[in-house]
Amino acid sequence: MRPLIEFCVNNLTPEVVRVKEELEQDPDIDVVEYSCLGNCSECYVRPYALVDGDFIAADSGPKLLEAIREAIDEQEDMWEELDRLLDD
């Protein structure tokens with residue numbers, strides 16, 4: 001299952017644009033930009049994105065990228081575990 005990463009256009013600082021562009025280079029990740037994700041109270045405070053609908057925020061662009069990659073890894077681990085359970 002390909003992760004979906006969603007960005008709010010109002011939160012696209014130069015740091016967040018770099019994160020978005022790096023993620024777009026990965027063919028196994030879907031990246032979408034919306035005019036608003038409805039997190040206005042967070043939007044002006046710090047960088048954030050939604051990873052398959054889960055809110056992920058960090059203090060900087062590089063930390064956001066790291067947090068997004070960790071969230072993707074956790075989801076992949078969860079799916080692999082589910083597959084193992086279903087195969088038993």
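In the predicted model, strand β4 (residues 54–57) is joined to β3 by four bridges, and the two strands run antiparallel. Within this pairing, L50 stands opposite F55 of β4, and V51 has D54 as its bridge partner in β4. The two strands form a hairpin with two residues between them, in which D52 adopts a positive phi near 50°. D52 takes this positive phi of about 50° although it is not a glycine. The residue is found in the loop between β3 and β4, and its relative accessible area of 31% makes D52 partly exposed.

Strand β3 is also paired with β1 (residues 4–8), in this case through two bridges and again in an antiparallel arrangement. The bridge partner of I5 in β3 is V51, while that of E6 is L50. L50 is therefore named in two pairings, with E6 of β1 and with F55 of β4; V51 likewise is a partner of I5 and of D54. In general, strands of a sheet pair through backbone hydrogen bonds, either parallel or antiparallel.

The complete sheet is open and comprises four strands in the order β2-β1-β3-β4, with mixed pairing. Strands β2 (30–34) and β4 occupy the edges, and each has a single partner strand, so one side of each is left without a neighbour in the sheet. On average, neighbouring strands of this sheet are turned by 30° against each other, direction ignored.

Two helices are placed against these strands. Helix α1 (residues 14–24) packs on the sheet and touches β1 and β2, its direction making about 155° with that of β1. Helix α3 (residues 61–87) lies across β1, β3 and β4, and runs at about 10° to β3.

Strand β3 (residues 48–51) is covered on both faces. Y48 and L50 are buried on one side, and A49 and V51 are buried on the other. Such a division follows the general pattern, because side chains in a regular strand alternate between the two faces of the sheet.

The largest nonpolar core contains 17 residues, and those with the most contacts inside it are I5, F7, L23, V51, L64 and I68. At least two residues of this core are supplied by each of β1, α1, β3 and α3. The contribution of α3 is the greatest, at five residues. A second core, separate from the largest, consists of five residues and includes L37, C43, Y48 and L50. V51 thus belongs to the largest core, whereas Y48 and L50 belong to the second; V51 lies on one side of β3, and Y48 and L50 on the other. As a general tendency in soluble globular proteins, nonpolar side chains are buried together.

One aromatic pair is counted in the model. The ring centres of Y48 and F55 are 5.0 Å apart and the ring planes stand at 25°; because planes under 30 degrees apart count as stacked, the pair is assigned to that class. Y48 is buried, with a relative accessibility of 0%, whereas F55 is partly exposed at 34%.

No disulfides are found: the count comes to zero. The cysteine sulfur closest to that of C8 is in C43, at 3.9 Å, which is too far for a bond because a disulfide requires the two sulfur atoms to be within 2.5 Å. C8 is buried, with a relative accessibility of 2%. For C36, the closest cysteine sulfur is that of C40, and the distance of 4.2 Å is likewise too far for a bond. C36 is partly exposed, with a relative accessible area of 42%.

Definitions and conventions: Residues are numbered from 1 along each chain as its sequence is written. This is a predicted model: local features need pLDDT of at least 70, side-chain atom pairs count only at pLDDT 80 or more; totals for chains, interfaces and linings use all residues. Side-chain values use heavy atoms; hydrogens and water are left out. Buried means under 20% relative accessible area, exposed over 50%, partly exposed in between (1.4 Å probe, protein chains only). Two strands pair if DSSP finds at least two bridges between them. Axes are lines fitted to C-alpha atoms, for helices over the stretch in contact, and angles run from 0 to 180 degrees between N-to-C directions. Contact means heavy atoms within 4.5 Å. A nonpolar core is a set of buried Ala, Val, Leu, Ile, Met, Phe, Trp, Tyr and Cys residues joined through side-chain atoms within 4.5 Å. Rings of Phe, Tyr and Trp (its six-membered ring) pair if their centres lie within 6.5 Å; planes under 30 degrees apart count as stacked, over 60 as edge-to-face and the rest as tilted.
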